[in-house]
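Let's take a look at one pocket and a couple of cysteines. Here is the model to follow along with.

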Amino acid sequence: MLDLSSSRLTAAPIPDYLRNVYTWAYLTPWLTGFLDRQVVVQTILWGNAQRLIRDVLAAVKPGDRIFQPAAVYGSFSRQLAQRIGRNGRLDIRDIAPLQVALTRQKLAGLPQVHVACRNAVDPEPRVFDAVACFFLLHEVPDDVKVQVVQAMLQLVRPGGKAIFIDYHRPHRWHPLKPVMQRVFAWLEPFALTMWSREIEDLAGSSAASFRWSKRTRFIGLYQTVTAERV
Ligand SMILES: C[S@@+](CC[C@H](N)C(=O)[O-])C[C@H]1O[C@@H](n2cnc3c(N)ncnc32)[C@H](O)[C@@H]1O
């Protein structure tokens, strides 16, 4: 049974975009039990979830302090916490109390993990070795994409990095392109921007303080973008 009563779970109002578009996915308790499984995440990402998670794991090391701006279904956070070990620290935020409770419950027993209810764009009092932003950008409106990217970059210490994993414009002959266009039109109204805008461009003037690299996966449908603070 999830404990949603704690005042620590009600720190920020749920934005309209989340309530209007994603109630079924993130705010509906009975459905989360089904969705919060690695096999479901792996299926939604056409078998690419583990490959994309490995991109993040390869970019961090034991002892690192990591910031994760939103909860992720499946085993992403557990794998990240195990990779940094007990000498590291993984701070996870989510704006939905239900997701905070779920994440706390599934990561109980990992003392390096700290979960709180916050809007990802709210300032944090510390900086991190790495920020791991896993499939958040495509689920927020365009103005919030800009705010999230800029807020994440502010959290990176000198020499540290932000890693963004998200959708990307697929190759023009990608067999799943028409399918994904339909999925986006039906369920993910903010996602198509990821096909037309570079994450680096969302960073505005802060982009210049970072060295950017991008790797695409699955014939372009996904991207791993790393911004390393110079
Ligand atoms: C990381 S994204 C997408 C993850 C991916 N679909 C998965 O496998 O779980 C989903 C999470 O983002 C959270 N979220 C959306 N907007 C947010 C914001 N501004 N700040 C923090 N969390 C946010 C939602 O509550 C949800 O738990």
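## The pocket and the cysteines

When it comes to lining the largest pocket, α1 gives the most, with 6 residues. Keep in mind that this is a predicted model. The elements that put two or more residues into that lining are α1 (16-26), α2 (29-35), α3 (38-44), α7 (142-154) and α8 (177-187).

How many residues line the largest pocket? The lining is made up of 40 residues, and Y26, Y73, F135, H138 and E139 are the ones that lie nearest the centre. The volume of this pocket comes to about 910 Å³. As for chemistry, the lining divides into 32 nonpolar, 4 polar and 4 charged residues.

Now for the cysteines. A disulfide here needs two cysteine sulfur atoms within 2.5 Å, and by that rule the count is 0 disulfides. C117 is in no disulfide, with its nearest cysteine sulfur, that of C133, 17 Å away. Why is C133 not bonded to C117? The closest cysteine sulfur to that of C133 is in C117, and at 17 Å it is too far for a bond.

Are these two cysteines buried or exposed? Here is how they come out:

| Cysteine | Relative accessible area | Status |
|---|---|---|
| C117 | 2% | buried |
| C133 | 1% | buried |

Buried means under 20% relative accessible area, so C117, at 2%, counts as buried, and C133, at 1%, does too.

Notes: Residues numbered from 1 in each chain as written. Predicted model: local features only at pLDDT ≥ 70, side-chain atom pairs only at ≥ 80, totals over all residues. Heavy atoms only, no water. Buried < 20%, exposed > 50% of the residue type's maximum accessible area, 1.4 Å probe, protein only. 1 Å grid on protein atoms, 1.4 Å probe; cavity = no way out; pocket = protein on both sides within 12 Å on 5 of 7 lines; lining within 4 Å. Points joined across faces, edges and corners; volume = space filled by probe spheres on them. Helix = DSSP H or I, 4+ residues; strand = E, 2+ residues; numbered from the N terminus. Nonpolar A, V, L, I, M, F, W, Y, C, P; charged D, E, K, R; others polar.
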